[in-house]
Amino acid sequence: MSNPEIANNINTGGYNTNYHDLGEGEVVLFIHGSGPGVSAYANWRLAMPTLSQNFRVIAPDMAGFGYTQRIEDTTYNMDVWVKQAIDLMDALNIDKFNIVGNSFGGALALALTIKYPQRLNKVVLMGAMGVDFELTAGLDQAWGYTPSLENMKSLLDTFAYSRVLITDELAQMRYEASIREGFQESFGSMFPAPRQSSVSAMASDEEDIKAIDKDVLIIHGRDDKVIPFENSTRLHDLIEKSQLHGFGQCGHWSQIEHKDRFNKLLEDFFV
């Protein structure tokens, strides 16, 4: 049986990036979060089919995650991920694009927008990092994950507002992804204790954020235990051309917990 997480492969800066490429039209780049066992497919499987009806959707596994080739002796940091994203767009001959960033991906979306403003159209930040905040117990749990099915179930309970979403199948899929060869080594090296320093390393300078002149849609679950809702109100205060949408009864997974309304928000925003 084929694995839906594995899609296309292309060289990006000397290593191969696994990426999904669906639909036609204006390009929307989806960047996943940093939870254990994450991949572009796991993060965006409910958004890609809908958005790709009207847009060209590109969703890569970022370096160190999913099925992108592991890089030997690499220190994973924002510079590596920004370069990978731009190298991917260059390899696909895509000049300008929209971006959707989830959590860690939101921090990356901000960094890309600040460094390459000429490449970006519209920006969506979902449950985003990118500003400094006090490390939450939920994020510490995610970044400090050690592989076991029970640990994965506990973590997914933290991510979602409702247990209804936490099926045995989902937990098993994410657990198996987290024990693939090489994953825990790269994941464990990314966010070492004390993890507050990793939160700060993901943050962009607030003056640079304030200078962003793109249309920015900010989405956040009010009940998020991983990334504080206050992150998004702060981003909304900083970014002049921003709009903020908060979901009640929603944790860290707006794109899954409120998938239909989430997809509609994106479709309407990108038109």
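Is the crossing of helix 6 and helix 7 right-handed or left-handed? The first legend answers this for the predicted model shown above.

**Figure 1. Packing of helix 6 on helix 7 in the predicted model.** The crossing of these two helices is right-handed. Helix 6 spans residues 149-159 and helix 7 spans residues 168-178; they pack at an angle of about 120 degrees, and their axes are 9 Å apart. An angle between 115 and 145 degrees counts as oblique, and helix 6 and helix 7 are therefore oblique to each other. Helix 6 contributes Leu149, Met152, Lys153 and Leu156 to the contact, while helix 7 contributes Asp168, Leu170, Ala171, Gln172, Arg174, Tyr175 and Ser178. Sorted by class, the contact of helix 6 with helix 7 consists of 6 nonpolar, 2 polar and 3 charged residues.

**Figure 2. The open sheet of 8 strands.** The strands follow the order 1-2-4-3-5-6-7-8, and their pairing is mixed. Strand 1 (8-12) and strand 8 occupy the edges; each has a single partner strand, so one side of each is left without a neighbour in the sheet. On average, and with direction ignored, neighbouring strands of this sheet are turned by 25 degrees against each other. Strand 3 (residues 27-31) and strand 5 run parallel and are joined by 4 bridges. Within this pair, Leu29 has Ile99 of strand 5 as its bridge partner.

**Figure 3. Helices lying on the sheet.** Helix 3 lies across strand 1, strand 2 (15-22), strand 3, strand 4 and strand 5, and runs at about 110 degrees to strand 1. Helix 11 (residues 229-238) also packs on the sheet, where it touches strand 6, strand 7 and strand 8. The direction of helix 11 makes about 160 degrees with that of strand 7.

**Figure 4. Strand 7 and its two partner strands.** Strand 7 (residues 216-221) has 6 of its 6 residues buried, so it is largely enclosed by the rest of the structure. In a regular strand, side chains alternate between the two faces of the sheet. Here both faces are covered: Val216, Ile218 and His220 are buried on one side, and Leu217, Ile219 and Gly221 are buried on the other. Strand 6 (residues 120-126) pairs with strand 7 in the parallel sense over 4 bridges, and Val124 stands opposite Leu217. Strand 8 (residues 242-247) also runs parallel to strand 7, to which it is joined by 6 bridges. The bridge partner of His220 in strand 8 is Gly246.

**Figure 5. Backbone geometry at Asp73 and Ser103.** Most residues other than glycine have a negative phi. Asp73, which is not a glycine, has a positive phi near 50 degrees. This residue lies in the loop between strand 4 (56-60) and helix 3 (78-91). Asp73 counts as exposed because its relative accessibility is 83%. Ser103 likewise has a positive phi, of about 60 degrees, although it is not a glycine. The loop that holds Ser103 lies between strand 5 (97-102) and helix 4 (104-115). With a relative accessible area of 4%, Ser103 is buried.

**Figure 6. The cis peptide bond between Ala193 and Pro194.** Most peptide bonds are trans. The bond joining Ala193 and Pro194 is cis, with omega about -5 degrees. Pro194 lies in the loop between helix 8 (183-190) and helix 9 (196-202).

How values were computed. Residues are numbered from 1 along each chain as its sequence is written. This is a predicted model: local features need pLDDT of at least 70, side-chain atom pairs count only at pLDDT 80 or more; totals for chains, interfaces and linings use all residues. Side-chain values use heavy atoms; hydrogens and water are left out. Axes are lines fitted to C-alpha atoms, for helices over the stretch in contact, and angles run from 0 to 180 degrees between N-to-C directions. Angles under 35 degrees count as roughly parallel, over 145 as roughly antiparallel, 65 to 115 as roughly perpendicular and the rest as oblique. A crossing is left-handed if the near helix is turned anticlockwise from the far one by less than a right angle, and right-handed if clockwise. Contact means heavy atoms within 4.5 Å. Ala, Val, Leu, Ile, Met, Phe, Trp, Tyr, Cys and Pro count as nonpolar, Asp, Glu, Lys and Arg as charged, and the others, Gly among them, as polar. Buried means under 20% relative accessible area, exposed over 50%, partly exposed in between (1.4 Å probe, protein chains only). Two strands pair if DSSP finds at least two bridges between them.
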